[in-house]
Amino acid sequence: MGNEITRLLVQARSGEPEQLSAVFESLYPELRRLAASRLNGHEQTLSPTILVHELYLRATTGEPLSATDRRHFFATAAKAMRWIVVDHARRRSSEKRGGGQIAVTLTGALAASSAAEPQVLALHEGLEALGEINPQQREVVELHYFAGLEFAEIAELLGCSQRTVYREWERARAFLHAQLKD
């Protein structure tokens, strides 16, 4: 299946954008599972289906997707999912500050979902700082946290050992914890 995905991505970059739709169709169940694992209990206003569909819209409009293979596609998808979640949190945060919305009484569910928004934005800023220091650690976090991939899957995608991925995860996690405490 990996070779088929690579072939479709090459065709999409070569001027056959409809092949990108075939890539999404082939990987949709896996992308939806990854989105569900990413959103599990953290974001109540954004569903896995919406996240994957937004990913598809962003990938098929504007500049052509430059993914070269399955690994690159999932790395790109993880980054896009991160940006979608961050953009969503920013929009909701700006709406809370009087973005012309009608006032609504808070319920427990609304309070829980709005509490996660500052964390998403702080995590985004921490990832930007981490990317300046160690891009591979940022990629591991994006693939594990935002795309929901297991360490074994990340090791396969990055072409390194599972132990290396776990070590990079632990270092990145320590860095992000320090950043989030400040």
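Which residues are buried in helix 7? In this predicted model, they are Phe 151, Ile 154, Ala 155, Leu 157 and Leu 158.

## Helix 7 and its end

The buried residues of helix 7 cover an arc of only 165° around the axis, which puts them on the same side of the helix. Helix 7 spans residues 151-158. Just after helix 7, Gly 159 takes a positive phi of about 70°.

Helix 7 also contributes a charged residue, Glu 153. Its relative accessibility is 26%, so Glu 153 counts as partly exposed, the class between 20% and 50%. The side chain of Glu 153 meets that of Arg 33 in a salt bridge, with N and O 3.7 Å apart. Arg 33 lies in helix 2 (residues 18-39), so this pair links distant parts of the chain, 120 residues apart. Arg 33 is itself partly exposed, with a relative accessible area of 41%.

## Salt bridges

The model has eight salt bridges. Side chains of opposite charge can pair when their charged atoms come close.

One of the bridges stays within a single helix: Arg 58 and Glu 54 both lie in helix 3 (residues 48-60). The two are four residues apart, about one turn of the helix. An α-helix has 3.6 residues a turn, so residues three or four places apart point the same way. The closest N and O atoms of Arg 58 and Glu 54 are 3.1 Å apart. Both ends are partly exposed, Arg 58 with a relative accessible area of 33% and Glu 54 at 28%.

## A buried charged pair

Glu 142 forms a salt bridge with Arg 82, and their closest N and O atoms are 2.6 Å apart. The pair links distant parts of the chain, with Glu 142 in helix 6 (residues 135-146) and Arg 82 in helix 4 (residues 70-96), 60 residues apart. Are Glu 142 and Arg 82 buried or exposed? Both are buried.

The bridge between Glu 142 and Arg 82 belongs to a network of salt bridges that also takes in Glu 128 and Arg 138. Arg 82 has an aromatic partner as well: Arg 82 lies over the face of Trp 83, at 5.3 Å from the ring centre.

## Aromatic pairs

Five aromatic pairs are counted in the model. A pair of aromatic rings is described by the distance of the centres and the angle of the planes. For Phe 24 and Phe 73 the centres are 5.4 Å apart and the planes stand at 80°, so the pair is edge-to-face. Phe 24 lies in helix 2 and Phe 73 in helix 4, so the pair ties together parts that are 49 residues apart in sequence.

Both rings belong to buried residues: Phe 24 has a relative accessible area of 6%, and Phe 73 has one of 2%. Phe 24 and Phe 73 form one aromatic cluster with Tyr 56 and Phe 74.

## Confidence

The protein averages a pLDDT of 79, and 82% of the residues score at least 70. Among the elements of the protein, helix 8 (residues 162-181) has the highest mean pLDDT, at 92. Helix 5 (residues 108-133) has the lowest mean, at 70.

Over residues 101-115 the pLDDT is below 50. Beyond near neighbours in sequence, this stretch has eight contacts in the model.

Definitions and conventions:
Residues numbered from 1 in each chain as written. Heavy atoms only, no water. Salt bridge = Lys/Arg side-chain N within 4 Å of Asp/Glu carboxyl O. Buried < 20%, exposed > 50% of the residue type's maximum accessible area, 1.4 Å probe, protein only. Phe/Tyr/Trp six-rings, centres within 6.5 Å; stacked < 30°, edge-to-face > 60°. Lys NZ or Arg CZ within 6 Å of the ring centre and 35° of its normal. Arc of directions from axis to C-beta. pLDDT = per-residue confidence, 0-100. Contact = heavy atoms within 4.5 Å.
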